[in-house]
Amino acid sequence: MEYRELAKIAIKGLALSYAPYSDFNVSAALLTKDGRVYHGVNIENASFTPTVCAERTAFFKAVSEGVRGFEAICIVGCHHEQLMTEDYKKGILNEWAPPCGVCRQVMREFCDPTEFKIILARSEDDFRIFRLEELLPESFGPENL
């Protein structure tokens, strides 16, 4: 699967996000090594602590179904008001949405940091690709225990 397709899936899924407190919608499309895609969105909660990020939603959906091999994740985000714009309808966002530290650590649990790719996208044609080790250097993983 092309990363453009992952970006398209993630952008389309932004409307499913539940972000009434931050008004910042996030969507992630997680590509497995066997070509399946798991989608996740951020889901907020009034007490904040139970809030879950889009990236973790996608990972937990996949892991709960027995998947352990991952190639890449595409992450997109925008403020809620952008979901009502013509740009969004055309698949164009105006900001980047890098993963938080907790999500980076969850990725590290299940992915090889030298191979796993994190794609930050603003459209299917405007994206940046990082390896996990670039966004989480000197990481702590299962082999450290």
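Buried, in this talk, means under 20% relative accessible area, exposed means over 50%, and partly exposed is in between, with a 1.4 Å probe and protein chains only. R4, for instance, has a relative accessible area of 33%, so R4 is partly exposed. I will come back to R4.

Some ground rules. This is a predicted model, in which local features need pLDDT of at least 70 and side-chain atom pairs count only at pLDDT 80 or more, while totals for chains, interfaces and linings use all residues. Residues are numbered from 1 along each chain as its sequence is written, and side-chain values use heavy atoms, with hydrogens and water left out.

Let me start with the sheet. Helices (H or I, at least four residues) and strands (E, at least two) are DSSP runs, numbered from the N terminus. Two strands pair if DSSP finds at least two bridges between them. On that basis, five strands form an open sheet with mixed pairing, and the order is β2-β1-β3-β4-β5. The edges are β2, residues 37-41, and β5, residues 127-131; each has a single partner strand, so one side of each is left without a neighbour in the sheet. From one strand to the next, the twist averages 20°. Axes here are lines fitted to C-alpha atoms, for helices over the stretch in contact, and angles run from 0 to 180 degrees between N-to-C directions.

As a reminder, strands of a sheet pair through backbone hydrogen bonds, either parallel or antiparallel. Both senses occur around β3. β1 and β3 run antiparallel and are joined by nine bridges, with L31 standing opposite A72 in β3. On the other side of the pairing list, β3 (residues 70-79) and β4 (residues 117-121) pair in the parallel sense over four bridges. There, I73 stands opposite I118 in β4. Eight of the 10 residues of β3 are buried, so this strand is largely enclosed by the rest of the structure.

Next, helix α2. Contact means heavy atoms within 4.5 Å. How many of the residues of α2 are buried? Eight of its 11, so to speak of it as mostly covered is fair. The buried ones are A54, E55, R56, T57, A58, F59, A62 and V63. Their cover includes β1, β2, β3 and α4, the last being residues 101-110. After α2 comes G66, whose phi is positive, near 90°.

One residue of α2 deserves a slide. E55 is found in this helix. Lys and Arg count as positive and Asp and Glu as negative, while His and the chain ends are not counted. A salt bridge is a side-chain nitrogen of Lys or Arg within 4 Å of a carboxyl oxygen of Asp or Glu. E55 is buried yet has no salt bridge, and the nearest side chain of opposite charge, R56, is 6.6 Å away. What is E55 in contact with, leaving aside its neighbours within four places in sequence? The contacts are V26, A28, I73, I75, P99, C100, C103 and M107.

Now the charged pairs. A search of the whole structure finds 11 salt bridges. In one of them, R4 meets E124, with the closest N and O atoms 2.6 Å apart. That pair links distant parts of the chain: R4 is in helix α1 and E124 in the loop between β4 and β5, 120 residues apart. E124 is partly exposed, at a relative accessible area of 22%. Another salt bridge joins E5 and K8, the closest N and O atoms being 3.8 Å apart. E5 and K8 are three residues apart in helix α1, and therefore separated by about one helical turn. R122 and D126 also form a salt bridge, at 3.0 Å between the closest N and O atoms. Salt bridges that share partners join R4, E5, K8, E124 and D125 into one network.

Last, the rings. Rings of Phe, Tyr and Trp (its six-membered ring) pair if their centres lie within 6.5 Å; planes under 30 degrees apart count as stacked, over 60 as edge-to-face and the rest as tilted. The count comes to four aromatic pairs. Y21 and F48 have ring centres 6.0 Å apart and planes at 75°, so this pair is edge-to-face. Y21 lies in the loop between α1 and β1, F48 in the loop between β2 and α2, 27 residues apart. Y21 counts as partly exposed at 41% relative accessibility, whereas F48, at 56%, counts as exposed. Ring pairs also link F59, F70, F110 and F116 into a cluster.
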